[in-house]
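Okay, thanks everyone for coming. I'd like to walk you through one structure today, starting from a single residue and working outwards.

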Amino acid sequence: MTTAADSLDFSLTARAAKRVAYLIEQEGGAQDGGKGLMLRVSVSGGGCSGFQYGFSFDDTVNPDDRTFERDGVTTVVDETSLELLNGAQVDFVEDLGGASFQIKNPNATSSCGCGSSFAI
């Protein structure tokens, strides 16, 4: 039986997966090279547009989490955040202004100038 949660989708681009893999390796340092760490993407209330994106490293998958894999990198998103991120994609962009992760979220009706918060 397929549930609504089964049809929710989220992804990283190849550039984002490569950068996350590098950051995980740096985060793990000499200990274990970051093995077991995953990128956690979340949405919380706040920011200048109503909701804000959160990024962190985590080594735990909770019962209400969904995992997504790309090029050896695991991304974890809780089901509540995933409802707001359904169909979204994280990219890593480098340009003259700097380097950053950007979320292309088809559910956002507007976002702030820096791209870290959004409205639906």
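So, which residues does Asp78 touch, once we leave aside its neighbours within four places in sequence? The contacts are Arg40, Val41, Ser42, Asp64 and Asp65. Keep in mind that what you're looking at is a predicted model.

Where does Asp78 sit? You'll find Asp78 in strand β5, which covers residues 73-78. Is Asp78 buried or exposed? Its relative accessibility is 16%, and the cut-off for buried is under 20%, so Asp78 counts as buried. There's also a polar atom on the side chain of Asp78 that lies 3.2 Å from the backbone nitrogen of Thr80. And if you measure C-alpha to C-alpha, Asp78 is 9.0 Å from Val61, with their positions 17 residues apart in sequence.

Let's hop over to one of those contacts, Asp64. This one is in the loop between β3 (51-58) and β4 (65-70). Asp64 comes out at 39% relative accessibility, so we call Asp64 partly exposed. Again skipping the neighbours within four places, Asp64 is in contact with Val77, Asp78 and Glu79. Take Val77: the two residues are 13 apart along the chain, and their C-alpha atoms are separated by 8.6 Å.

Val77 is a good way into the next topic, the nonpolar core. The largest one has 21 residues, and Val77 is among those with the most contacts inside it, along with Phe10, Leu12, Val41, Leu85 and Ile103. Which elements give two or more residues to this core? They are β1 (10-12), α1 (14-32), β2 (38-45), β5, α2 (79-85) and β6 (88-95). Helix α1 gives the most, with four residues.

If you want one residue to click on here, try Phe10. Beyond its neighbours within four places, Phe10 is in contact with Val41, Phe68, Thr75, Val77, Leu82, Leu85, Ala88 and Val90.

Now, the aromatics. How many aromatic pairs turn up in a search of the whole structure? Three. In one of them, Phe92 and Phe101, the ring centres are 5.1 Å apart and the planes are at 55°, so this pair is tilted. Phe92 is buried, with a relative accessible area of 8%, while Phe101 is partly exposed, with 27%. Ring pairs also bring in Phe55, and the cluster is Phe55, Phe92 and Phe101.

Okay, zooming out. The protein chain has two helices and nine strands, and reading along the sequence you get β-α-β-β-β-β-α-β-β-β-β. There are 120 residues, and 36% of them count as buried. Looking at contacts with a separation of 6 or more, 51% come from residues 24 or more positions apart. The chain exposes about 7000 Å², with 48% of that supplied by carbon and sulfur atoms.

Last thing: how confident is the predictor? The average pLDDT for the chain is 83, and 77% of the residues score at least 70. Among the elements, β4 has the highest mean pLDDT, 96, and strand β9 (residues 117-119) has the lowest, 53. Where pLDDT is low, the predicted coordinates shouldn't be read in detail.

That's my tour, and I'm happy to go back to any part of it.

Methods:
Residues are numbered from 1 along each chain as its sequence is written. This is a predicted model: local features need pLDDT of at least 70, side-chain atom pairs count only at pLDDT 80 or more; totals for chains, interfaces and linings use all residues. Side-chain values use heavy atoms; hydrogens and water are left out. Buried means under 20% relative accessible area, exposed over 50%, partly exposed in between (1.4 Å probe, protein chains only). Contact means heavy atoms within 4.5 Å. A polar contact is a pair of N or O atoms within 3.5 Å; within protein, one must be able to donate a hydrogen and the other to accept it, and residues adjacent in sequence count only if both atoms are side-chain atoms. A nonpolar core is a set of buried Ala, Val, Leu, Ile, Met, Phe, Trp, Tyr and Cys residues joined through side-chain atoms within 4.5 Å. pLDDT is the predictor's confidence in each residue, from 0 to 100. Accessible areas come from the Shrake-Rupley method with a 1.4 Å probe; for residues, only the protein chains shown count as cover. Rings of Phe, Tyr and Trp (its six-membered ring) pair if their centres lie within 6.5 Å; planes under 30 degrees apart count as stacked, over 60 as edge-to-face and the rest as tilted.
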